[in-house]
Amino acid sequence: MSPTPRGAAISSQPINPPPRLLMGPGPINADPRVLRAMSAQLVGQYDPAMTAYMNETMALYRAVFRTANEQTLLIDGTSRAGIEAAIVSLVAPGDRVLVPIFGRFGHLLREIAERVGAEVHVIEREWGTVFTEAEIEAAIVETRPKLLAVVHGDTSTTVAQPLEGLGELCEKHGVLFYTDVTASLGGNAFATDALGLDAVTAGLQKCLGGPSGSAPATFSAKAVEVINGRKSIEAGIAGSDAEIAHTRIRSNYFDLAMIFDYWGEKRLNHHTEATTMLYGARECARLLVEEGLDAAVERHRLHGAAMLAGVHGLGLQVFGDLAVKMNNVVAVVIPDAVNGDAVRGELLTDFGIEIGTSFGPLHGKVWRIGTMGYNARTDAVLTTLAALEQVLRRHGAPVVGGGGVGAAYDLYEDAK
Ligand SMILES: Cc1ncc(COP(=O)(O)O)c(C=O)c1O
């Protein structure tokens, strides 16, 4: 190791991360098959092999999103890249956007819409609860938005907003309907077309069992019409007939009209597709389709229920409305007089297990434990419950000895 001018050492060591079981709200351990796919050699941007992979990825994600939408593709970047691309491409400055907020990621949708220059209206609900359809309809009638932007599963609170009925509402009132399914896709029932959605964006690092860095997304014909109505092709690509739309999309990188032309038959150059991330995203979807979408949701339901039973079996309390809890994450109330960060620290150093902290009003009050993607497995659930019991005992918490693993075992037995 040699010192740098600022005093930090330049490491000569290769990356060799410690073994961890990631049982937080995501990221989780990537499926080894996804990591293997990501170690494949690169091909050129317009190699027929690459364009075939792009087309296959589109088809796979149509299956995952349960949609017939032609424009189903990857946005390069983490999940919020997908959110930002959808909002900046659909919403022009001054357009009205309605955001129902019931957790941290509703605030993110609001913030992104504000940065785009939209007139943003919000309705807010206490964290851990969700909106009724009537509440959302009343807000639509009052604010007459161009876009309803709502998070499906909000990992910050562990609950999912029911989306049934909202598509019909949006159709009735002439509103575009967007949802962020980063935390829920693959582990909870979801169907783009049946729900009447115009735009949906996701990420890989939760129930899809991949690393963060690619945002699968899908757009209805109606959304595509709005986006293409704002199309401006880069001068260096379009040549002399370059036109600048009056309502040009206020981002180049996230200009979906240009991204559609890159993924479509024209193959008009935009960014250089992140090949390695595409390999990973394709493998995530391939694995999900191979397992069967319903089977994957059932797997998340089973292991999520086992974790919940185990947490209750230890004598711990759970936060949030359980009637609308996502399958893949549970918020555990930190017992009185227990130092939540110290418990998380010991789980990590002594057992190699990571569980999540929390944000905003829940900070210091709950841990978030995930059972998702590659880690929605019996051994991961039982190991986490056993370790949690031991660490809590050391911290003097009155846990039921063997209660966590026992309750989860019982649930698995009953499910056989
Ligand atoms: C519901 C939801 N939306 C958006 C994000 C942001 O994702 P990213 O960190 O991949 O940009 C997250 C991350 O946890 C999330 O749970």
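Ala, Val, Leu, Ile, Met, Phe, Trp, Tyr, Cys and Pro count here as nonpolar, Asp, Glu, Lys and Arg as charged, and the others, Gly among them, as polar. With that split, the shell around the ligand comes out as three nonpolar, seven polar and three charged residues. The ligand is surrounded by 13 residues (C-beta atom, placed from the backbone, within 6 Å of it); the closest are Thr78, Ser79, Arg80, Thr155 and Thr182.

Keep in mind that this is a predicted model: local features need pLDDT of at least 70, side-chain atom pairs count only at pLDDT 80 or more, and totals for chains, interfaces and linings use all residues. Residue numbers start from 1 along each chain as its sequence is written.

Now the domains, whose bounds come from an automatic or database domain assignment. Their centres, taken over C-alpha atoms, are 31 Å apart.

| Domain | Residues | Residues in the contact (C-beta atoms, placed from the backbone, within 7 Å) |
|---|---|---|
| domain 1 | 32–289 | 25 residues |
| domain 2 | 293–415 | 24 residues |

On the domain 1 side, the residues touching domain 2 are eleven nonpolar, twelve polar and two charged.

Last, a helix pair (helices are DSSP runs of H or I, at least four residues, numbered from the N terminus). Helix α12 (residues 340–351) and helix α13 (residues 378–394) pack at about 120°, their axes 10 Å apart; axes are lines fitted to C-alpha atoms over the stretch in contact, and angles run from 0 to 180 degrees between N-to-C directions. Val343, Glu346, Leu347 and Phe351 of α12 meet Ala387, Leu388, Val391 and Leu392 of α13. By class, that contact has seven nonpolar, no polar and one charged residues.

Methods. Helix = DSSP H or I, 4+ residues; strand = E, 2+ residues; numbered from the N terminus. Contact = placed C-beta atoms within 7 Å.
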